[in-house]
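Reader: Hey, could you walk me through this model? I'd like to hear about its ligand shell, some helices and the odd backbone spots.

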Amino acid sequence: MPSVYIETYGCQMNVADTELMRGHLARSGYTTASDPGEADVILLNTCAIREHAEERIYGRLGALAQHKVRRPHVQIGLAGCMAQHFRDRLLDQTPHLDFVVGPDAYRRLPSLLSGDPFIDVRLDRDETYADLTPARAAGVRAWITIMRGCDKFCTFCIVPYVRGRERSVPAPAVLEQVRDVAAQGYREVVFLGQTVNAYRDRDVDFGALLRATDGIEDIARIRFTSPHPSDMRDSAIEAMASCRSVCPHLHLPVQSGSNPVLQRMERGYDADEYLRLVDRVRAAVPGLALSTDIIVGFPGETERDFEATLELMRAVRFDSAYMFKYSRRDHTKAGKWDESVSEAEKAQRLQAVIALQERIGAEINAEWVGREVEVLVEGPARRRTGWLAGKTRHFKTAVFPADGSSPGDLVRMRVAHSTAHTLVAAA
Ligand code: SAM
Ligand code: SF4
């Protein structure tokens, strides 16, 4: 039987898509190879969100070409956002590349692989892969894609161009997947979508989907990522407040604290509206943990604009943040604008937001010292032998001395001390 090796780059949507392709290919007779040196098909599932991500993939493609020297039948391909982004030139310009497959063409992968070199990057308004069963990685957490694509067209972002229009997986198919993963032993589900809270299947909106999922037996925790502030409706906030399994953690990307920048980003909210939304969710879900995404160095971002971002971070006090230097992307609106912030200045601003976030994150975690938390055990701790690690309901990494508990167990531990990223039990 032929075997396939898949390497995944980028966000959780890609991790979930890799599981989808693996499951689909398995049903067509492909086994999974854990080493590219043993695979008949080598597939990179790629990311195009920033230039750096694409550079890494070109480098990796060059290295993988060696596998064709000894075994010329090996097929090397690109899937995902970068495949879609560079569709017109990839096959011509990249020696050793045999196929290019976009995010809406994975269903056709098995039949395409049996033919000549190919490129299939048709975007499909209706494709949700609702009927395909992913081959999920073992663990306690199952990623379930509930919607695909994005209609927002933020001016910096390539996603709508490479993943197409927004569409939701029918609610019965989502609920069936949740029941399936529960039966397979997963204890937590994470609903995924580029604007996950824009989910809608006829009269089932995102809040209704959370409520329908809550209480499915053996699923102890429900999370979701990434919601968009403009789609955060009362129904979802009420579901977060009332559903036992929905975790008190919200990843709510803000991008900037400056109104002129938010406006040029076409994010659809200003800083005050974002702050009011945070207040509303915090009032409904006391003790809510918040995380966010921040971009520094967007075209036209002045020192004053940047200060407004720092100010917003101080006002909200996020538990954690993904922080990025702006990266110019073809096709996007902002990609046509002059970059006004130098690389050096971007790097400085990035260091400043990271330093502020590290301080705030450490202060928030210190408030947990002395309190008891519930940990969903995932496995051995990375840095401490003989310790176990897992996540708290507030999505904090927690570590404690091994006590015989197994992955999937819910254990209680008292926090003895903390760092900016971890809660630690007494030794
Ligand atoms: N849909 C989510 C939202 O709008 O909140 C975010 C999805 S995007 C894959 C993840 C993050 O990448 C964004 O929130 C943004 O911070 C960052 N990002 C997107 N385009 C970028 C760019 N051109 N340069 C730097 N960061 C970017
Ligand atoms: Fe990109 Fe904006 Fe869509 Fe998020 S909402 S994926 S940042 S266009």
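Author: Sure, here is a short chat about those topics; keep in mind that the model is predicted.

Reader: Cool. Which residues surround ligand 2?

Author: Ligand 2 is surrounded by Cys150, Lys152, Phe153, Cys154, Phe156, Cys157, Val159, Pro160, Gln194, Thr195, His228 and Arg267. By class, that shell has seven nonpolar, three polar and two charged residues.

Reader: Switching to helices, at what angle do α8 and α9 cross?

Author: Roughly 35°, and the axes of α8 (residues 171-183) and α9 (residues 206-213) come within 11 Å. The crossing is right-handed.

Reader: And which residues make that contact?

Author: From α8, Ala171, Val174, Leu175 and Val178; from α9, Leu209, Ala212 and Thr213. Six of them are nonpolar, one is polar and none is charged.

Reader: What does α14 pack against?

Author: Its buried residues, including Leu350, Val353 and Ile360, pack against β15, α13, β16, β20 and β21. Helix α14 covers residues 343-366 and spans 34 Å from its first C-alpha to its last.

Reader: OK, odd backbone stuff. Where is the cis peptide bond?

Author: Between Thr225 and Ser226, with omega about -10°. Ser226 is in the loop between β13 and α10. Most peptide bonds are trans.

Reader: What about Tyr129, is that one buried or exposed?

Author: Tyr129 counts as buried because its relative accessibility is 1%. Its phi is positive, near 55°, and it is in the loop between β6 and β7.

Reader: And what is phi for His331?

Author: About 75°, so also positive, in a residue that is not a glycine, while His331 is partly exposed at 40% relative accessible area.

Methods. Residues numbered from 1 in each chain as written. Chains lettered and ligands numbered in written order. Predicted model: local features only at pLDDT ≥ 70, side-chain atom pairs only at ≥ 80, totals over all residues. Heavy atoms only, no water. Near = heavy atom within 4 Å. Nonpolar A, V, L, I, M, F, W, Y, C, P; charged D, E, K, R; others polar. Helix = DSSP H or I, 4+ residues; strand = E, 2+ residues; numbered from the N terminus. Expected span 1.5 Å × (residues − 1). Buried < 20%, exposed > 50% of the residue type's maximum accessible area, 1.4 Å probe, protein only. Contact = heavy atoms within 4.5 Å. Axes fitted to C-alpha atoms, helices over the stretch in contact; angles between N-to-C directions. Left-handed = near helix turned anticlockwise from the far one by under 90°.
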